[in-house]
Amino acid sequence: MVELKTDTSIDAMHAAGQVVARALTAARRAADVGVSLLELDAVAREVLREAGAGSPFLGYRPSFAPTPFPAVVCASVNDAIVHGIPDDYRLRDGDLVSLDCGATLDGWAGDSALSFVVGTARPDDVALIETAERALAAGIGAAVVGNRVGDIAHAIGTVCRAGGYGIMEDFGGHGIGRHMHEDPGVPNEGRPGRGLPLRHGMVIAIEPMLIGGGRDDYHCDPDGWTLRTNDGSRAAHVEHTVAITDGGPRVLTSRDGL
């Protein structure tokens with residue numbers, strides 16, 4: 001069931017989303033050659049603590065997971081697409097890093113992700129990340145009253161495929177509100193004009209996940225969480241929490257100005 005949020009609730013979700021934005025911004029600024037993924041998680045934890053916010057990631061255990069998630073960020077490096085568990089790995093020059101973070105504040109959730117390169121970036125990695133960001137922007141642009149979920153999926157998939165990148169079939173965006181994952185699902189590829197109609201008050205997380213090698217297949221690490229490209233190519237993951245309103249899409253996790 002899809003819950004339509006009131007304008008007051010959307011404002012509250014914006015507050016949660018801005019905590020996420022600050023946590024990701026702080027972790028991105030801390031990321032450098034020699035810094036461990038656990039240290040990035042610690043930076044995000046401190047931002048949540050200072051805001052009086054909780055983490056919907058910490059202790060989260062969906063049906064596919066063998067253990068609860070042990071961190072407040074997912075830290076996925078190079079061929080890891082999503083759900084990487086922060087550990088003592090220390091970043092190296094040229095690493096492509098995707099950070100995914102959530103926050104709960106006053107009963108509402110926010111969720112966002114970004115990808116970047118530490119140190120010297122390969123041109124292919126720059127193109128991959130830029131395409132992921134364009135796909136996210138296209139998805140947000142399609143998140144308007146009167147469209148359908150399939151229009152968002154089609155907008156994202158069109159950008160990804162035009163760039164020659166692969167798309168994970170079984171993972172995509174989702175509704176969000178009191179809980180991090182709610183209805184509806186928001187695929188990263190689909191047919192326009194299909195799916196649930198978009199209405200004022202719907203709030204969704206739009207999150208393109210691109211596989212650099214162009215294939216769609218992936219596998220899960222023995223940790224039961226980290227998803228990696230089968231061909232060893234690099235991946236990028238970007239995400240924003242977006243409210244659909246009569247005035248157009250409102251990005252609740254925007255990092256503008258931070």
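**Exercise 1.** Which residues point one way from β4, and which the other way?

*Solution.* The model is predicted.
Step 1. Strand β4 comprises residues 108–117.
Step 2. In a regular strand, side chains alternate between the two faces of the sheet.
Step 3. Trp108, Gly110, Ser112, Leu114 and Phe116 point one way from β4, while Ala109, Asp111, Ala113, Ser115 and Val117 point the other way.
Step 4. Buried means under 20% relative accessible area. Ten of the ten residues of β4 are buried, and the strand is mostly covered.

**Exercise 2.** Determine how β3 and β4 pair and how they are connected.

*Solution.*
Step 1. Strand β3 spans residues 96–105. The pairing of β3 with β4 is antiparallel and runs over ten bridges.
Step 2. Within this pairing, Leu105 is found opposite Trp108 of β4.
Step 3. The two strands form a hairpin, with two residues between them. In the turn, Asp106 has a positive phi of about 55°.

**Exercise 3.** Describe the open sheet of three strands, explain why β5 and β12 each have one side without a neighbour, and identify the helix packed on the sheet.

*Solution.*
Step 1. The strand order is β5-β9-β12, and the pairing is antiparallel.
Step 2. Because β5 (166–167) and β12 (235–237) stand at the edges, each with a single partner strand, one side of each has no neighbour in the sheet.
Step 3. Between β5 and β9 (residues 209–211) there are two bridges in the antiparallel sense, and Gly166 stands opposite Ile211 in β9.
Step 4. Helix α3 (residues 123–141) packs on this sheet and touches β9 and β12. The direction of α3 makes about 30° with that of β12.

Key. Residues are numbered from 1 along each chain as its sequence is written. This is a predicted model: local features need pLDDT of at least 70, side-chain atom pairs count only at pLDDT 80 or more; totals for chains, interfaces and linings use all residues. Side-chain values use heavy atoms; hydrogens and water are left out. Buried means under 20% relative accessible area, exposed over 50%, partly exposed in between (1.4 Å probe, protein chains only). Helices (H or I, at least four residues) and strands (E, at least two) are DSSP runs, numbered from the N terminus. Two strands pair if DSSP finds at least two bridges between them. Contact means heavy atoms within 4.5 Å. Axes are lines fitted to C-alpha atoms, for helices over the stretch in contact, and angles run from 0 to 180 degrees between N-to-C directions.
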